[in-house]
Amino acid sequence: MTDRVLIFDTTLRDGEQSPGASMNAPEKLRLAVQLERLGVDALEAGFPAASPGDFEAVKLIASKINNVQVTALARTSRADIDSAWGAIREAAHPRIHTFIATSDIHLEHKLKMTRDQVVQTAVDAVRYSKTFTENVEFSAEDGSRSDRDFLCRVFEAVIEAGATTVNLPDTVGYAMPNEFEELISYIRQHTPNLHRAVLSVHCHNDLGLATANTLAGLRAGARQAEVTINGIGERAGNTSLEEVVMGLYTRKALLGLETNINTREIYPISRLVSMVTGIVVQPNKAVVGANAFAHEAGIHQDGVLKHRMTYEIMEAQTIGLMSNRLVLGKHSGRHAFKNRLEDMGYDLTREELDRLFEKFKELADKRKEILDEDIEALLAEVILRVPDIYELDYLNVVSGTGAVPTATVKLKIRGKETQKAEFGVGPIDAAFNAIARMTGTSSKLLRFSVNSITGGMDAQGEVTVRLEEDGLVALGKGADPDIITASAKAYINGLNHLEYMRNNPSVLPEEAVI
Ligand code: KIV
Ligand code: ZN
């Protein structure tokens, strides 16, 4: 048996099913390019039948990604499979991923089908998919709660029909690691033709066991792991890519398994996913959390200084974390700046680099020291940028004890200057009220969060807002050493996104309907 584990990333499909994580086509493409750079074997670009927006996003990714298998999800209906194929047919390495539930609870209450009907439906879907491509994956949804012998029967039948990968999902995150390991061993022993397909595992994290179950499945002989960056996904999320990859890497002597992942790209892509989805990584998150390599206790610090391995099992550099490396100052040149970005894992177009460099210079005028995190905040503005219909020109607020918070804001709206003053319960509310009056928006503020990007008194504040208007939901980001300015920038960025979505319905992501 090979010791190579295939990494199948589903950040753009199952990950996007995280509440509020929807991404538009350009954002998905940017992540797909970074996933290719990371070295995943396959990426699930979306579920084309779910919405025209998803179809277009998958099609765009399929046309641009050459070194990774591009997968599209489909239920077993011909319409879904046609849509999946329509979206990925241009891919250099396309894969159709079709699925149907196999547990009795799903058969009885959701599908209202007998076991025989499920087997036939799965076989028909695989056969139909094979008319388009050799590369077909079949998933037994809710596999971990299915009857084991029935699972073996389904897998045997779909492999006979041509499935090249069979996937066992723990759809509701119910399995225990020893149980999941046994289940995989059982399937391997009782599915006679399993050697003709790759056996895959796909776990959810409802009990916090997704990584443990995935590793257990791999120990038992599965050779594909379905994962997402930062573990984002439906409900409590999916198995996180970085945990599985670093688990295999760190314990290679024990497990004897390896992946094709360039681990140094892990941290940059983790930041990018957080930036694009607005889902903050919890500080104590394994591998990529802000505290994952921080040592607080004196005894630990002392130990690490004497010998790193006393309290560290991985090196920060292995995952591409350069630990707050000081970047250039205001006299630094464009070339050095570009090199630093490349070290951080970002490969920008010339135009993006120009815009970013301009913002970097503006910030360097305000701050002495600029860290990687500051650059990432600027990147968020550039990467998440859509055409600026609204631009902040000027902001002045009056607030304090005894003063009525007032904001005077000057905006450029489609290039034309306009100005308003408004009151509010606080200075941010006053600024938002003025912006809302000038833009005429009736959007609802669903989320507002402020983070300090780096430590220190002159740290930049990074604000994320989520806005909703007319059924559209958009993310806005802004960073500035002044958090009121950062908030106004984030709000304006969110309004620009709403406007962009309104004018470009084809890039709209919609909630998948599984
Ligand atoms: O969790 C699940 O069962 C899925 C399948 C569609 C693979 O995401
Ligand atoms: Zn899933």
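Strands here are DSSP runs of E with at least two residues, numbered from the N terminus. The model is a predicted one, and two of its regions are described below: a nonpolar patch on the surface and the surroundings of ligand 1.

Strand 12, which spans residues 444–452, gives the most to the nonpolar patch, with 3 residues. The patch as a whole is made by Leu445, Phe448, Val450 and Ile483, and has an area of about 300 Å². Val450 is found in strand 12, and Val450 is partly exposed because its relative accessible area is 37%, a value that lies between the 20% under which a residue counts as buried and the 50% over which a residue counts as exposed.

The shell around ligand 1 consists of Arg13, Asp14, His97, Phe99, Ser139, Glu141, Pro169, Thr171, His202 and His204. By residue class, this shell divides into 2 nonpolar, 5 polar and 3 charged residues, while strand 4 (94–101) and strand 5 (136–141) each supply at least two of its members. Polar side-chain atoms of three shell residues, listed here, have these distances to an oxygen atom of ligand 1.

| Residue | Distance to an oxygen atom of ligand 1 |
|---|---|
| Arg13 | 2.9 Å |
| Asp14 | 3.1 Å |
| His204 | 3.0 Å |

Ligand 1 on its own has 260 Å² of accessible area, of which the protein covers 96%.

Notes: Residues numbered from 1 in each chain as written. Chains lettered and ligands numbered in written order. Predicted model: local features only at pLDDT ≥ 70, side-chain atom pairs only at ≥ 80, totals over all residues. Heavy atoms only, no water. Patch = residues over 30% accessible without salt bridge, like charges linked within 9 Å, V, L, I, M, F, W, Y side chains within 5 Å. Areas by Shrake-Rupley, 256 points an atom, 1.4 Å probe, with all protein chains shown as cover. Salt bridge = Lys/Arg side-chain N within 4 Å of Asp/Glu carboxyl O. Helix = DSSP H or I, 4+ residues; strand = E, 2+ residues; numbered from the N terminus. Buried < 20%, exposed > 50% of the residue type's maximum accessible area, 1.4 Å probe, protein only. Near = heavy atom within 4 Å. Polar contact = N/O pair within 3.5 Å; in protein donor to acceptor, adjacent residues only side chain to side chain. Nonpolar A, V, L, I, M, F, W, Y, C, P; charged D, E, K, R; others polar.
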